[in-house]
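Open the model in your viewer and keep the sequence panel in sight. This tour goes from one selection to the next and says what is there.

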Amino acid sequence: MPKTYLKKYLEELTALGKKDMADSIGETAEDFSEKNLETFSFSEHDIGLLFGNVQAGKTAQMFGIMCAAADASFPLFIILTTDNVALQKQTYDRVVKDLSCCDFCICGETDKQKFVENALEKPAVIVLKKNSKVLLQWYNTLAASSFVKGNALFVIDDEADAASPNTLVNKNRVSTINKRLSNIRNASIGSMYLQVTGTPQALLLQSSMSDFRPAFTCYFEPGKGYLGGEFFFGGGENNSIRFIEKYNNTPLKDGLYSALIHHLVVSSQMMLSGEKVCNFVIHPGVRKASHTSAESQILKKIDYIVHNFDSGEIVDDFSKEYLLIEPQDAEKQSFDRILAYAKKILETKQLKILLMNGDTSVGDEEYNSGSNIIIGGNVLGRGVTFPKLQTLYYTRTAKRPQADTMWQHSRMFGYDRDAGMMGVYLTKELYKLFSDINAGNNSIIYQVDRGLDKIQIFYPEGLNPTRKNVIDMRMVDLVAGGTNYYPNDPDNDDVDAIDKLLEPFEETGHYQVSAKMVLEVLAHIQASEDFNLTAFQSVINARLAENPSEQSILIVRRGREVTQGTGSLLSPNDRQLGDQFSNRIVLTMYEITGDLGWKRSRLWVPNIKLPDFMNYYDVH
């Protein structure tokens, strides 16, 4: 019996000593196949989301799913990358290298004739940039062929939250890339469009009117040895976070100087231990002027160290950093050897400085070996992988920071980092932002793991989930934490059922109850249009997914005489009582009695307040 594509791929990984990775990919691919491929009709257009942590091996997971899809009779695959020449080439080379064990016809952007001549005799894989001209050319090739229309297409959109969503949705127009991608999907009789990203916020906030809203979501766990958000920003103890304010001693010996010393110490330790590369990334901002300024600063510091290397001051600086590192992957070298090697790196000019932005062209071969300092902005984000990145100096700020953009800048995430020698230099304010993003990402993962249909996204006030131009603002409600909400004209489906639920609770004071109890009560409320009951229920379900024993505050008041439509429900005392619980969901239930304009002469009206300083995004 011939081997399947997936089996060949997994055997190849195992032969390369990557059995743990092969097991993880096999599990993801088989689960995806069972839930999505086995039920696919080959005449429908389906869309889903595969997400994992940034730089956690999603490319290999993509290839596993591709192989499973080839086994399920998909003959045509398109892999989309961001509009970056180097990244498209890197992805194409990776496909050729990793899938050489499988019998695919692999095509780059200029291989149209190769694709046509193959005519799907072998499953075809086409690797394209999300570039308007490239996508149009390949759409024409697909549409003109005699064999594409009658076959199902499998699209893997890597970094799908970048460029693919409609950036003109709030102007009632369709952006060019979004239109091109829709045309390519429709060139075949059916398609499976798999969005892949480590930052799914923009995709999860697509409205029900969008063809790019995922109908299903899959998450894969990172493998052993991965350093990600929890390691750096989960609140656990490690020595990797270095607050820049601590190092602001003089104009020369500041945080950047300390990061440079750290890089030289770690580079020396790694090179002496047999490693071939050690990288240091500086991300000062989006403007090119900030890149050249950082380059100028680092050159001055290098010059200062070189001319004063043998002084007690410099030796002391190296010694302090040496004492902080705790190598996990190799025996720690002696201080004398590290100091001598650092001097050699500097004197022989082995330390490379690479400026990466729109004005420069830097190939991955330039930072795949040696001791390197990479300086840049946006180009340091999506898709670019820096091996052995042990030092990150991050000072980029924004007036309205975006969670997905900031998280994509986290190039220090990955598998080949030595946990005992990481150095992440940033301000306390930026650390707090990254910690909030990490908590938000964890919440999304918890919700997917629990199988919730509606994923709820929430972040602290001042931190946006994504850029506004890809979200249909007409279809998104923003629910602010710390604000009291109640329906203006509600009804109850069963007043007696609410009475029974609330019977144990007296009218004085407050009670701590399970969030499940809050959901039980809200299930009997028929809200008016001004009160987004579904959004509140989704928020509670999201918090329960993260913490099944989530606690809330319940306040019960009976026999209240409040006229409908007065614009206020809570008494000043009850409002003040609820405000005491800033980190809890607070549900206040008022029993209204009397002929006061409500739908009934007796009914229960809810007032709900979500935890303070958080914004909750509910998309229709």
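Which residue in β20 is the bridge partner of Gln-512? Select Gln-512 and look across to β20: the partner is Ile-553. Keep in mind throughout that this is a predicted model.

**Stop 1: around β20**

Gln-512 belongs to a pairing of two strands, β18 (residues 511-514) and β20 (residues 551-560). They run antiparallel and are joined by 4 bridges. Now add β21 (residues 585-593) to the selection. It is joined to β20 by 7 bridges, and these two strands run parallel. To find one place in this pairing, pick Val-556, which stands opposite Met-589 in β21.

**Stop 2: strand β23**

Select residues 614-619, which make up strand β23. Is this strand enclosed or not? Of its 6 residues, 6 are buried, so β23 is largely enclosed by the rest of the structure. Its two faces can be viewed separately. Met-614, Tyr-616 and Asp-618 lie on one side, while Asn-615, Tyr-617 and Val-619 lie on the other, and all are buried.

Next, show the partners of β23. Strand β14 (residues 457-460) is joined to β23 by 4 bridges and runs antiparallel to it. Here Tyr-459 stands opposite Asn-615. Strand β15 (residues 476-480) also runs antiparallel to β23, with 5 bridges between them. In that pairing, Asp-477 has Asp-618 as its bridge partner.

**Stop 3: a sheet of 7 strands**

Select β1 to β7 and trace their order: β3-β4-β2-β5-β6-β1-β7. The sheet is open and its pairing is parallel. Which strands stand at the edges? They are β3 (105-107) and β7 (216-219); each has a single partner strand, so one side of each has no neighbour in the sheet. From one strand to the next, the twist averages 20 degrees.

Within this sheet, select β1 (residues 45-51) and β6 (residues 190-197). These strands run parallel and are joined by 7 bridges. Ile-47 stands opposite Tyr-193 in β6.

Then add the helices. Helix α2 (residues 19-37) packs on the sheet and touches β1, β5 (152-158), β6 and β7. The direction of α2 makes about 170 degrees with that of β7. Helix α15 packs on this sheet as well, touching β1 and β7, and its direction makes about 110 degrees with that of β7.

**Stop 4: a sheet of 6 strands**

Keep α15 displayed, as it also lies across β8, β12 and β13. With β13, α15 makes an angle of about 115 degrees. These strands are part of an open sheet of 6 strands with parallel pairing, in the order β8-β13-β12-β9-β11-β10. At its edges are β8 (241-243) and β10 (351-356), each pairing on one side only. On average, neighbouring strands here are turned by 15 degrees against each other, direction ignored.

Select β9 (residues 277-283) and β11 (residues 370-376): they run parallel, with 6 bridges between them. Ile-282 has Ile-375 in β11 as its bridge partner. Now add helix α10 (residues 255-272), which lies across β8, β9, β10, β11, β12 (389-394) and β13 (423-426). Helix α10 runs at about 165 degrees to β9.

**Stop 5: two crossing helices**

Select α15 (residues 428-449) together with α18 (residues 533-546). At what angle do their axes cross? They cross at roughly 90 degrees and come within 8 Å. The two helices are therefore roughly perpendicular to each other. To see the contact, show Ser-443, Tyr-446 and Gln-447 in α15, which meet Ala-542, Ala-545 and Glu-546 in α18. The residues of this contact divide into 3 nonpolar, 2 polar and 1 charged.

**Stop 6: the nonpolar cores**

In soluble globular proteins, nonpolar side chains tend to be buried together. The largest nonpolar core here has 92 residues, and Phe-104, Phe-154 and Phe-233 touch the most other members. Helix α3 (residues 58-71) gives the most to this core, with 9 residues. Select Phe-104 to see its contacts: leaving aside neighbours within four places in sequence, they are Tyr-5, Cys-67, Ala-70, Phe-77, Leu-99, Pro-123 and Val-125. A second, separate core has 38 residues, including Leu-256, Ile-298, Ile-338 and Leu-355.

Note on methods:
Residues are numbered from 1 along each chain as its sequence is written. This is a predicted model: local features need pLDDT of at least 70, side-chain atom pairs count only at pLDDT 80 or more; totals for chains, interfaces and linings use all residues. Side-chain values use heavy atoms; hydrogens and water are left out. Axes are lines fitted to C-alpha atoms, for helices over the stretch in contact, and angles run from 0 to 180 degrees between N-to-C directions. Angles under 35 degrees count as roughly parallel, over 145 as roughly antiparallel, 65 to 115 as roughly perpendicular and the rest as oblique. Contact means heavy atoms within 4.5 Å. Ala, Val, Leu, Ile, Met, Phe, Trp, Tyr, Cys and Pro count as nonpolar, Asp, Glu, Lys and Arg as charged, and the others, Gly among them, as polar. Two strands pair if DSSP finds at least two bridges between them. A nonpolar core is a set of buried Ala, Val, Leu, Ile, Met, Phe, Trp, Tyr and Cys residues joined through side-chain atoms within 4.5 Å. Buried means under 20% relative accessible area, exposed over 50%, partly exposed in between (1.4 Å probe, protein chains only).
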